[in-house]
Amino acid sequence: MGIRERRERERQEVRTKILDAARELFARDGYEAVTMRKVADAVEYSPTAIYLHFPDKETLVRELCLCDFQSLAKALQRIAKEPDPLERLRKSGLAYVDFALAHPNHYRVMFMTPHPLPKGEEDLAALGKGNPEEDAWAFFRGTVAEAISAGRFRPDLTDPDLVAQALWAGVHGVVALHVAKKDDPWVEWRPARKTAALVVDGLLRGFTEGGR
């Protein structure tokens, strides 16, 4: 390995270390409470060193979300070849839950921590919006649209955004409860994946009654 390649590898290792520390801080303290100095302290670098990689906190959280949303999209791509759109939706819901349970801090930052949203079409394009291989929402919505076109849902369910958002809300609710409250002794919690499977099956059964 040459000097240039080694330096690039070291640079990427530092970026990954910064992103991992920032993710943990954002998940624990919230976006507003985290400063670039806190991130620097967590990785034992000077703030100046952090700014060499990320010019501001907004850029840092945008890069963090890009990495994590691409990881989620990659997890869903493992079931992209499932020919039956309903079975693909069922497997997608469980893959979503598996991702969240395996990476709870990722999930907290992605879906449970308010932070600046992408600005303009250029930012959205950079995040892969609309490309089902990079955009988990595009993959999920596209599968719903395919099921609607095939007549698999009830005749009154013709809006893929509505159906996809309802399904997403179901699995997100299970995950959010588990991530936020799994240690709460007030409830005898059942395994999140088992609960999610029941939610997904129940929703799909209700949505497909009268379909083909």
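1. In this predicted model, a network of salt bridges links Asp20, Arg23 and Asp68. Within the network, the closest N and O atoms of Asp68 and Arg23 are 2.8 Å apart. This pair connects distant parts of the chain, with Asp68 in helix α4 (residues 57-77) and Arg23 in helix α1 (residues 3-29), 45 residues apart.

2. Both partners of that pair have little accessible area. Asp68 counts as buried because its relative accessible area is 2%, under the 20% cut-off. Arg23, at 8%, is likewise buried.

3. A search of the whole structure gives 17 salt bridges. One of these joins Arg141 to Asp161, where the closest N and O atoms lie 2.9 Å apart. Here too distant parts of the chain are linked: Arg141 belongs to helix α8 (residues 136-149) and Asp161 to helix α9, 20 residues apart. Arg141 is partly exposed, with a relative accessible area of 28%, and Asp161 is also partly exposed, at 26%.

4. Lys182 and Asp183 form a salt bridge through their side chains, at 3.7 Å from N to O. Asp183 is exposed, its relative accessible area being 66%, whereas Lys182 is partly exposed at 43%.

5. The surface also carries a nonpolar patch of about 470 Å², made by Leu177, Trp186, Val187 and Trp189. Val187 is located in the loop between α9 (160-181) and α10 (192-208). With a relative accessible area of 37%, Val187 is partly exposed, and it therefore passes the requirement of over 30% for patch residues.

Methods
Residues numbered from 1 in each chain as written. Predicted model: local features only at pLDDT ≥ 70, side-chain atom pairs only at ≥ 80, totals over all residues. Heavy atoms only, no water. Patch = residues over 30% accessible without salt bridge, like charges linked within 9 Å, V, L, I, M, F, W, Y side chains within 5 Å. Areas by Shrake-Rupley, 256 points an atom, 1.4 Å probe, with all protein chains shown as cover. Salt bridge = Lys/Arg side-chain N within 4 Å of Asp/Glu carboxyl O. Helix = DSSP H or I, 4+ residues; strand = E, 2+ residues; numbered from the N terminus. Buried < 20%, exposed > 50% of the residue type's maximum accessible area, 1.4 Å probe, protein only.
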